Amino acid sequence: MARFAFVLACALALLASSVASGAIVEHSFNVNNLTVTRLCKEQSITVVNGSYPGPAIRARDGDTLVVHVFNQSPYNITIHWHGIFQLLSAWADGPVYVTQCPILPGHKYTYRFNITGQEGTLWWHAHVSWLRATVHGALIINPKAGLSFPFPKPYKEIPIILGEWWNGNVVDIENEGIATGIAPNNSNAYSINGLPGDLYDCSQNQTYEVQVVKGKTYLLRIINAALNNQLFYKIANHNMTVVAIDAAYTTPYVTDVVVIAPGQTTDVLITANQQTGSYYMAATPYMSANINFDNTTTRGIISYENSSSSSPIMPALPNPGDTPTAHKFNTNITGLAGGPQWVPVPTNVDEHMFVTVGVNLELCPVNATCQGPFNNRLSASMNNESFQLPTNLSMMQAQFYNVSGIYTTDFPDQPAVEFDYTDSNISLDLSLVYAPKSTKVKTLKFNSTVEIVLQNTAFLAIENHPIHLHGFNFHVLAQGFGNYDPINDPQKFNLVNPQIRNTIGVPVGGWAVIRFTANNPGMWFMHCHLDVHLPWGLAMVFEVENGPTPWVLPPPPADLPQC
């Protein structure tokens with residue numbers, strides 16, 4: 001009880017201090033369509049304020065962010081502030097039909113929230129259909145005035161947003177995949193800050209380039225905004241020092257390659273200490289599954305000041321299936337214990353969950369034609385529950401107004417059937433591979449600590465799944481391959497300085513253990529950040545109950561969109 005009161009007091013003091021000391025940072029987002037030329041053709045895309053990527057937002061820890069969104073596009077829209085805690089502002093989180101109904105064309109909504117106890121690189125993006133392919137931008141949170149980074153101040157900061165590009169309307173491409181029951185078309189290119197780079201057709205003049213000064217150190221804020229692919233990122237002849245991931249500081253880690261999943265961010269320091277010249281930065285996919293994918297490479301140029309080189313040096317890139325390199329990177333990073341915003345690992349666990357994640361099948365509807373295995377639809381699930389969003393009311397409105405029939409509170413703590421989760425022989429086991437559609441939540445008491453084993457399965461394709469938790473950071477206690485061993489694997493837990501994330505790439509054919517404290521009332525989405533899998537149902541929701549005053553879900557804003 002004393003620990004509970006202490007934690008509450010600290011959280012309240014932090015929130016009160018943030019609100020009292022911060023500035024109001026205000027932006028207007030005009031969402032509309034823009035015609036651009038990429039890969040030899042003109043394409044109409046949905047963007048914010050006429051730019052792709054969208055505008056970068058810069059604020060400080062403690063500031064209040066106010067963003068007026070005017071939807072002038074032909075599509076429904078919401079904006080998610082990826083990685084923001086949304087303490088007592090859950091209505092601003094943004095996932096469609098979870099915390100709000102969509103902003104309809106011609107309508108508007110104002111997102112208002114305080115940034116509390118966070119600094120580093122986050123990002124914002126659309127959270128309706130595949131619109132985040134082009135509706136996204138950086139959200140950079142600097143320390144409070146007078147405070148500094150826990151590393152030497154860089155000469156300059158450079159956002160690096162990695163993305164994917166389709167020669168076609170992404171909404172139509174997604175809908176075609178849903179209609180046929182198979183995976184939508186692969187992307188046609190990757191991009192760096194919206195530009196594909198000179199390896200693609202008609203793209204010689206669409207290569208991102210940045211100039212550096214010899215001897216200076218730069219902070220690259222890397223964001224993977226791609227929809228469906230993890231990426232390797234390298235810079236020719238230059239090492240990088242990782243200093244933060246998902247807006248959480250790390251023990252400095254020197255590497256020549258960054259591995260980054262959709263939704264994740266990685267901050268690295270790079271020193272321009274090579275011979276004056278020009279060097280390619282490049283991103284290429286890490287694909288752990290034996291499936292068809294966009295096996296191409298985007299690249300940009302780092303050019304030293306006064307360089308006369310017209311032939312940049314190209315880095316040697318890993319093979320797409322290089323899981324050892326990916327796993328080494330993902331497991332060697334540790335948190336900066338005792339550093340700014342460090343949160344120790346909670347030791348008393350109230351809720352233990354074992355959650356399987358993977359691809360499944362769904363029976364083809366009557367009078368429909370489906371092109372998936374056995375003439376069915378592709379699907380996905382957590383604990384064999386394939387998540388389905390409501391459409392007539394958001395889940396959090398149902399929570400607040402106590403409306404029944406929108407969701408049920410029986411999401412299971414473990415799968416109904418125990419099996420050999422990573423045995424490739426179960427790939428098409430028809431007794432296991434079908435998952436029912438449902439809208440189930442797991443109810444958590446306020447301030448309870450939750451430990452989750454995320455276990456990949458071998459259904460249809462064995463792959464790495466990036467799982468994102470809204471509203472909370474979590475400690476990554478351990479990761480491994482095969483089936484999680486509840487007897488021996490807990491001995492591998494890092495309870496001293498584990499990495500802190502909001503998005504974790506669960507290893508291919510393996511598992512990861514995460515732990516977080518549910519200290520914010522509301523509805524919080526946990527889902528795969530591969531957009532091909534989200535509409536298939538690879539998601540669930542945590543319903544966090546109200547705590548003692550003031551830790552109570554506030555009423556919805558007056559302008560909250562209605563369904």
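Student: Which residue of E17 stands opposite Leu-219?
Tutor: This is a predicted model, where local features need pLDDT of at least 70, side-chain atom pairs count only at pLDDT 80 or more, and totals for chains, interfaces and linings use all residues. Residues are numbered from 1 along each chain as its sequence is written, and side-chain values use heavy atoms, without hydrogens or water. Strands (DSSP runs of E, at least two residues, numbered from the N terminus) E12 (217-224) and E17 (265-271) pair antiparallel over 7 bridges; pairing takes at least two DSSP bridges. Opposite Leu-219 stands Leu-269.

Student: Which strands stand at the edges of this sheet?
Tutor: The open, mixed sheet has 6 strands, ordered E10-E9-E12-E17-E14-E15. An edge strand has a single partner, so one side lacks a neighbour in the sheet. That picks out E10 (189-192) and E15 (248-255).

Student: At about what angle does helix H3 run to E15?
Tutor: H3 (323-332; helices are H or I runs of at least four residues) lies across E14, E15 and E17. Axes are lines fitted to C-alpha atoms, for helices over the stretch in contact (heavy atoms within 4.5 Å), and angles run from 0 to 180 degrees between N-to-C directions. The angle to E15 is about 135°.

Student: Is Gln-86 buried or exposed?
Tutor: Gln-86 sits in the loop between E5 and E6. Beyond four places in sequence, Gln-86 touches residues including Trp-81, Phe-113 and Trp-524. Buried means under 20% relative accessible area, exposed over 50%, partly exposed in between (1.4 Å probe, protein chains only). At 0%, Gln-86 counts as buried.

Student: Which residue in E21 is the bridge partner of Glu-362?
Tutor: E20 (351-362) and E21 (377-382) pair antiparallel over 6 bridges. In E21, Glu-362 bridges to Arg-377.
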